[in-house]
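Me: I should like to go through the structure below and ask what justifies the terms used to describe it. Please set each value against its criterion.

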Amino acid sequence: MTTRWLTPDEQRAWRAYIGAAHLLEDVLDRQLQHDAGMPHLYYSILANLSEAPDHRLRMTDLAELVKITRSRLTYAVTRLEKDGLVAREDCPSDKRGSIAALTDEGMAVLERTAPGHVETVRAALFDHLNPEQVGQLEEIFGTVTRALQGGAATDMPWLRRA
């Protein structure tokens, strides 16, 4: 098989993406550690629960939303549970399943932290783009997401144990 090396344009685009993604994640993690004492992943878990009906989601559905393995989610929810931000409940329709529920304290932390988080996202990303570029960003990453999810559906992170 012949290796399909990246063209110079693709290489520059790839490196720009990697650099921006790493820097953006670092900026978000630092802001959330400072404001809420938690990494971006934990904030994402709380945010997804806040948007769910009754602020509850099956753990497998939550893993899919945040795009992580079930074992990593279990670890994160256990930490959030220790802090009183999330409670775990038995799933009434499946004895093996469990539900993550956002607590009142978790919602309060999210409400207190969200304004600073949104401002950080704006300052780090959207303040540097015009409306057309925002649309392009959505189109590009929507296309990539759909391709990745459709191509290897059985090997998605939320289906893996580790």
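Reply: The questions below concern aromatic pairs, burial, strand pairing and a pocket in what is a predicted model.

Me: Why is the pair formed by W14 and Y17 called tilted?

Reply: The structure holds two aromatic pairs. In the pair of W14 and Y17, the ring centres are 5.7 Å apart and the planes stand at 35°. Rings pair if their centres lie within 6.5 Å, and planes neither under 30 degrees nor over 60 apart count as tilted. The values 5.7 Å and 35° meet both conditions, so the pair is tilted.

Me: How are W14 and Y17 placed relative to each other in helix α1?

Reply: W14 and Y17 are three residues apart in helix α1 (residues 8–36), and are therefore separated by about one helical turn.

Me: What makes Y17 and F141 a tilted pair, and where in the chain do the two residues lie?

Reply: The ring centres of Y17 and F141 are 5.8 Å apart, which is within 6.5 Å, and the planes are at 40°, which is neither under 30 nor over 60 degrees; the pair is therefore tilted. Y17 lies in helix α1 and F141 in helix α6 (residues 131–151), so that this pair links distant parts of the chain, 124 residues apart. Through ring pairs, W14, Y17 and F141 are linked into a cluster.

Me: How do you know whether W14, Y17 and F141 are buried, partly exposed or exposed?

Reply: Buried means under 20% relative accessible area and exposed means over 50%. W14 has 45%, Y17 has 37% and F141 has 36%. These values fall in between, so W14, Y17 and F141 are partly exposed.

Me: Why does H40 count as buried, and what does this residue touch?

Reply: H40, found in helix α2, has a relative accessibility of 16%; this is under 20%, so H40 counts as buried. Leaving aside residues up to four places away in sequence, H40 touches E25, L28, D29, L32 and H117.

Me: What puts the buried residues of α3 on the same side of the helix?

Reply: In helix α3 (residues 59–66), the buried residues are M59, L62, A63 and V66. They cover an arc of only 105° around the axis, and therefore lie on the same side of α3. The buried residues of α3 pack against α2 (40–51), β1 (56–58), α4 (70–82), β2 (86–90) and β3 (98–102). Just after α3, K67 takes a positive phi of about 60°.

Me: What makes β3 a paired strand, and how is β3 described in terms of burial?

Reply: Two strands pair if there are at least two bridges between them. β1 and β3 have three bridges, and β2 and β3 have five; both counts meet the criterion, so β3 pairs with β1 and with β2, in the antiparallel sense in each case. R58 stands opposite I99 in β3, while D90 has S98 of β3 as its bridge partner. β3 is mostly covered, with four of its five residues buried.

Me: Which residues are closest to the centre of the largest pocket, and which elements line it?

Reply: The largest pocket has a volume of about 1700 Å³. Of the 38 residues that line the largest pocket, Y17, A21, L24, E25 and F141 are the closest to its centre. Two or more lining residues come from each of α1, α2, α3, α5 (104–124) and α6. The most is given by α1, with 11 residues.

Methods:
Residues are numbered from 1 along each chain as its sequence is written. This is a predicted model: local features need pLDDT of at least 70, side-chain atom pairs count only at pLDDT 80 or more; totals for chains, interfaces and linings use all residues. Side-chain values use heavy atoms; hydrogens and water are left out. Rings of Phe, Tyr and Trp (its six-membered ring) pair if their centres lie within 6.5 Å; planes under 30 degrees apart count as stacked, over 60 as edge-to-face and the rest as tilted. Buried means under 20% relative accessible area, exposed over 50%, partly exposed in between (1.4 Å probe, protein chains only). The arc is that of the directions from the helix axis to the C-beta atoms. Contact means heavy atoms within 4.5 Å. On a 1 Å grid over the protein atoms alone, a cavity is a set of points where a 1.4 Å probe fits but cannot get out, and a pocket is an open set with protein on both sides within 12 Å along at least five of seven lines; lining residues have an atom within 4 Å of a point. Grid points are joined across faces, edges and corners, and a volume is the space filled by probe spheres set on the points.
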